[in-house]
Amino acid sequence: MLDHAFVLTTLAIGLALVAWARGLGYRERALIIAQNACQRAGVQLLDESVSLTGLRPVWRRGAPALRRTYRFEFSRGSDRRAGFLSMVSGRPEAVWLDHPEGGLWNP
């Protein structure tokens with residue numbers, strides 16, 4: 001007979017693995033959004049990467065969801081600048097580039 005602690009531990013590990021795998025999918029989607037935003041702005045995405053900087057619960061259409069905020073860097077000439085993007089439930093919400101000609105982009 002299985003011990004309750006073993007079952008709960010196995011369930012917790014399984015849920016953590018599912019959350020981790022979904023997080024990787026969201027990160028890949030965020031990278032594509034950052035690449036598209038940089039291309040439209042005529043700048044170069046540096047390091048071809050984004051990093052998760054925030055994870056916050058929000059209400060979206062009457063249901064709980066998670067807002068993920070990612071940071072990335074881009075270059076316009078020789079200077080490094082920062083960009084941010086937010087996603088709710090895997091859907092892009094906003095992209096902000098520290099760009100001299102304006103910052104906010106709607107994906």
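Here is a friendly briefing on the protein above, from its overall build down to three residues. The model is a predicted one. It holds 1 helix and 6 strands, and along the sequence these follow the pattern α-β-β-β-β-β-β. The radius of gyration is 18 Å, whereas a compact globule of 107 residues would have one near 13 Å.

**Overall dimensions and packing**

- Along the principal axes, the C-alpha trace spans about 65 × 35 × 15 Å.
- Of the 107 residues in the protein, 29% are buried.
- Taking the contacts with a separation of 6 or more, 35% are between residues that lie 24 or more positions apart.

**Surface and charge**

- About 7,300 Å² of the protein is exposed, and 58% of that area comes from carbon and sulfur atoms.
- The protein carries 14 positive and 9 negative charges, and the mean positions of these two sets are 9 Å apart.

**Serine 86 in strand E4**

- Strand E4 covers residues 79-88, and serine 86 is part of this strand.
- Is serine 86 buried or exposed? Its relative accessible area is 12%, so serine 86 counts as buried, the cut-off being under 20%.
- Beyond its neighbours within four places in sequence, serine 86 is in contact with Arg67, Arg68 and Thr69, and also with Arg91, Pro92, Glu93 and Ala94.

**Arginine 67 in strand E3**

- Arginine 67 is found in strand E3, which runs over residues 63-76.
- Which side chain does arginine 67 join through a polar contact of 2.8 Å? The partner is glutamate 93.
- Setting aside residues up to four places away in sequence, arginine 67 touches Gly54, Leu55, Arg56 and Val58, along with Ser86, Met87, Val88 and Glu93.
- Glutamate 93 is thus a shared neighbour: serine 86 is in contact with Glu93, and arginine 67 touches Glu93 as well.

**Glycine 77 between the strands**

- Where does glycine 77 sit? This residue is in the loop between strand E3 and strand E4.
- Glycine 77 has a relative accessibility of 70% and therefore counts as exposed, a label that applies over 50%.
- Glycine 77 and valine 43 are 34 residues apart along the chain, and their C-alpha atoms are separated by 8.1 Å.

**To recap**

- Serine 86 in strand E4 and arginine 67 in strand E3 are in contact with each other, and the loop between these two strands holds glycine 77.

Key
Residues numbered from 1 in each chain as written. Predicted model: local features only at pLDDT ≥ 70, side-chain atom pairs only at ≥ 80, totals over all residues. Heavy atoms only, no water. Helix = DSSP H or I, 4+ residues; strand = E, 2+ residues; numbered from the N terminus. Buried < 20%, exposed > 50% of the residue type's maximum accessible area, 1.4 Å probe, protein only. Contact = heavy atoms within 4.5 Å. Rg over C-alpha atoms; globule rule 2.2 N^0.38 Å. Areas by Shrake-Rupley, 256 points an atom, 1.4 Å probe, with all protein chains shown as cover. Lys, Arg positive; Asp, Glu negative; His and termini not counted. Charge placed at Lys NZ, Arg CZ, Asp CG, Glu CD. Polar contact = N/O pair within 3.5 Å; in protein donor to acceptor, adjacent residues only side chain to side chain.
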